[in-house]
Structure formats: structure tokens, C-alpha cells
Amino acid sequence: TRMNIRLPIEYRADRMRTVLHHEIGTHFIRRLNDKKQKWYGKKDKYDIRSCIQTEEGLAVINQYCEHALNPKKKPYFYRA
């Protein structure tokens, strides 16, 4: 798998961590997992549709999880 990164990167460290959680912690890991499944390359046979909308939602949550657990930061998630 290949990842393209444009240089120079103009992100602060906190922002870069959230982007890495989003892109690597969700999309890249999902792709690696997908390649190990029996349906890989046979999505039509198993009637598997695109999951990109759900995956994007999970990726956004994933990118803020570390931030939410830091007591020095304003939380994006609140306890119910």
C-alpha cells in the first residue's frame, strides 16, 4: 500500500496526530484487514457495497479520541 504526502507539511503536531489517526488508524488499517478477508476481490459475489460513508464517520471519531482523553484539552466528547 502506498501513501502520498505533499511537502512541505504545514500542520502543527496536534493536527498531524489527528490526521494520522484518521488516515492510518482507520482507512489504512481497514484496508489491511480487508485484504485478509475471504471476500477480498470478490465483493460482487458477496454483494458487499461501499462502506466509505460509515468509514469516514468512524475515522472522524477516531481522529478525536486521543484528544478527548487528554485532560488538558477541551473535550469533543462528553459523558452522557
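Visitor: Hi! Is I5 buried or exposed?
Guide: Hello! In this predicted model, I5 has 53% relative accessibility, so I5 counts as exposed, the cut-off for that being over 50%.

Visitor: And where does I5 sit?
Guide: I5 lies in the segment before α1.

Visitor: Which residues form a nonpolar patch on the surface?
Guide: That patch is made up of M3, I5, L7, I9, Y11, L20 and I24. Together they have about 680 Å² of accessible area.

Visitor: On to α1, then. What should helix α1 span at 1.5 Å a residue?
Guide: Helix α1 runs over residues 13–35, which is 23 residues, so it should span 33 Å. The C-alpha atoms at its ends are 31 Å apart, which agrees.

Visitor: Nice. Which residues of α1 are buried?
Guide: The buried ones are T18, V19, H22, T26, H27 and D34.

Visitor: I see steps of three and four in there. Why would residues that far apart point the same way?
Guide: An α-helix has 3.6 residues a turn, so residues three or four places apart point the same way.

Visitor: What covers the buried residues of α1?
Guide: The cover includes α2, residues 52–69.

Visitor: Changing topic: how many disulfides does the structure hold?
Guide: Zero. C51 is in no disulfide, and its nearest cysteine sulfur, that of C65, is 18 Å away.

Visitor: Why is there no bond from the sulfur of C65 to C51?
Guide: Because 18 Å is too far for a bond; a disulfide needs the sulfur atoms within 2.5 Å.

Visitor: What is the relative accessible area of C51, and of C65?
Guide: C51 is partly exposed at 37%, and C65 is partly exposed at 32%.

Notes
Residues are numbered from 1 along each chain as its sequence is written. This is a predicted model: local features need pLDDT of at least 70, side-chain atom pairs count only at pLDDT 80 or more; totals for chains, interfaces and linings use all residues. Side-chain values use heavy atoms; hydrogens and water are left out. Helices (H or I, at least four residues) and strands (E, at least two) are DSSP runs, numbered from the N terminus. The expected span of a helix is 1.5 Å times one less than its number of residues. Buried means under 20% relative accessible area, exposed over 50%, partly exposed in between (1.4 Å probe, protein chains only). Contact means heavy atoms within 4.5 Å. Patches are made of residues with over 30% relative accessible area and no salt bridge: like charges are joined within 9 Å, nonpolar side chains (Val, Leu, Ile, Met, Phe, Trp, Tyr) within 5 Å. Accessible areas come from the Shrake-Rupley method with a 1.4 Å probe; for residues, only the protein chains shown count as cover. A salt bridge is a side-chain nitrogen of Lys or Arg within 4 Å of a carboxyl oxygen of Asp or Glu.
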